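User: I would like to learn how to read a few features of a protein model. Where do we begin?

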Amino acid sequence: MKYETLATEILEGVGGRGNVNSVVHCATRLRFKLKDSQKANAEALKANPGVIMVVESGGQFQVVVGNHVSDVFRDFLSVAGMSENDNSTGGDAKKKENFFSQFIDIIAGIFTPLMGIMAAAGILKGFLALCLACGWIVDTSGTYKILFSASDSLFYFFPIILGYTAGKKFGGNPFITMAIGGALVHPSMIAAFNEMQSADAQPLYFLGIPITFINYASSVIPIIFASWVSCRLEKPLNNLLHANIRNFFTPTLCLLITVPLTFLLIGPVATWLSHQLANGYQMIYSFNPTIAGGFIGAMWQVCVIFGLHWGFVPLMINNFSALGHDTMLPLLIPAVLAQGGAALGVFLRTRNVKLKGISGSAFPAAIFGITEPAVYGVTLPLRKPFIFGCAGGAMGAALMGYFHTIQYSFGLPSIFSFTQIIPPSGVDSSVWAAIIGTVFAFTFAAVASWLFGVKEEQIVAQSETPAAAPAGETRAATPVSAASTQQVSSPIAGALLPLEQVSDQTFASGLIGKGIAIVPHSGRVVAPVDGTVSSLFKTNHAIGLESDEGAEILIHVGIDTVKLDGQYFTAHVKTGARVKQGDLLLEFDYQAISAAGYDITTPVLITNSESYIDVVPAAESAVTELAPLLTLLR
């Protein structure tokens, strides 16, 4: 439960469990479908140190938390009392959304669970292509065949895999839609397709209707349409059939109706549509590949910001199915790595501790294909680095378009993608164009961001120490004056505990801010400074203050006490209230809280610690109310 506190705060920020219809996650985001988006507090979530950004797009309320999203997702389900199968509807969810929002939501719901394994399979395919091109392995060896089957199985059996995710997304039984997908790639149907390719093959019929045999291996669109039809049949069939027989006969009728319908109508029509999409894209791309590359390279990250990139995923996968390759996916490599270059430029330029920490961790994530931390945490807030990243991506992708770079397997655009653009004939000019274009995009964004992307006040850190004195010259120590310090008194009487010993890692790691913890000896919380109440949790277990000198202080009574839902807590102030040092803020029954099984250790944190050289805790082992607790050094 490492991220339980963050998950709890996100749940509160989206309006509570009653406001959540469903939640899924992708590589960096929690994607919510809310009953009423007005009940969500986007600004509070954006202010949370564990949240990178909040985006509302495609009918979804998206909370970007970073690469550890799967851990946060798991703890969110636990805190909210939900399961991955929860997909309730109600409230504003019933309101009519426009077609584009529905499309983005459907595509994201179907493909999001598969992104990790699709990336892994693509990397393995690229590795095998590199081994073949370098002569390290031959395609007739047993080693190659085993590794190829591992890399290709997901894509070959796409109708089965997508049948499961589409069935879940459309609200039906995913195992029925899996079975439909299995029928599409069943060996007998593949054999029949191969037989139909011979000149003397006799047509086959289903109840007198001729069957159009198509190789559905690796296909995308037919199973999505077939799954939608099956899920639409389930509900009326369940309503018509008695409870004693529906568990058997509803799946039977869904298979009996949908599978023949798919082979006779849905499959051929969807396959024709998929080829039209592929040919249409190729026609647009071939009109001027250089311009197409520049446009895609410049705009891709803008699409990512609003979650619109999901709309292109089925098109790219469809290109692999219909054409055997794709020209759009390689154009994204410079667009992605350029944002990493921009983050690197900021990292090398700034001495601001917080910005340096964010950019330092965002840069390697972008290299491996995850740009949200770089975009939301670094380049977009600074604006110019984001523009430099988009410009670098445009120039690099334009070069790749000019040399017609092609990718032969699907995967997240990243440093690994270079192995996936090696053609069967070996390395050629299109591969070198991809490498040169991407290196140029990365370098341009990094250098431009280093030179022009960081504001002057962010270049010099607030914690920067004076430069060393020249050789042979001594510099007098700079005394810490009263004007450069601020004292924060203890809001509670109790024993002191170093922050790193707190059982909750969110507090112990210093993620929220520096400070100290108190094990209370009384049930009173008083104002440690003169200032304003900036926030008060509705459960009254935590309160935020802003001192007149600008310190932002969080007092969090107990660990996981949000679960008490306000029981044993009484607030004596409201958000926005002016308080004087010593004013009573909260009262709590610490004995009853302990008896309920909760740790009453109370972290007292300076949440804007980056604004200070250091936050120095008191050296005592215990404090009384309003005794010196923290010294803030400016």
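Analyst: With naming. Helices (H or I, at least four residues) and strands (E, at least two) are DSSP runs, numbered from the N terminus. Here, Leu348 lies in helix α14 (residues 332-349). The model is predicted: local features need pLDDT of at least 70, side-chain atom pairs count only at pLDDT 80 or more, and totals for chains, interfaces and linings use all residues. Residues are numbered from 1 along each chain as its sequence is written, and side-chain values use heavy atoms, with hydrogens and water left out.

User: Is Leu348 buried or exposed?

Analyst: Buried means under 20% relative accessible area, exposed over 50%, partly exposed in between (1.4 Å probe, protein chains only). Leu348 counts as exposed because its relative accessibility is 53%.

User: Which residues form the nonpolar patch on the surface with Leu348?

Analyst: A patch takes residues with over 30% relative accessible area and no salt bridge; nonpolar side chains (Val, Leu, Ile, Met, Phe, Trp, Tyr) are joined within 5 Å, like charges within 9 Å. A salt bridge puts a side-chain nitrogen of Lys or Arg within 4 Å of a carboxyl oxygen of Asp or Glu. Here Val447, Trp450, Leu451 and Phe452 join Leu348, with about 500 Å² of accessible area together (Shrake-Rupley method, 1.4 Å probe; for residues, only the protein chains shown count as cover). Helix α18 (residues 429-452) gives the largest share, four residues.

User: Which strands are joined to β16?

Analyst: Two strands pair if DSSP finds at least two bridges between them. Strand β10 (residues 524-526) runs antiparallel to β16 (residues 584-588), with three bridges. Strand β14 (residues 569-571) is also antiparallel to β16, again with three bridges. Leu586 in β16 is the bridge partner of Val525 and of Ala571.
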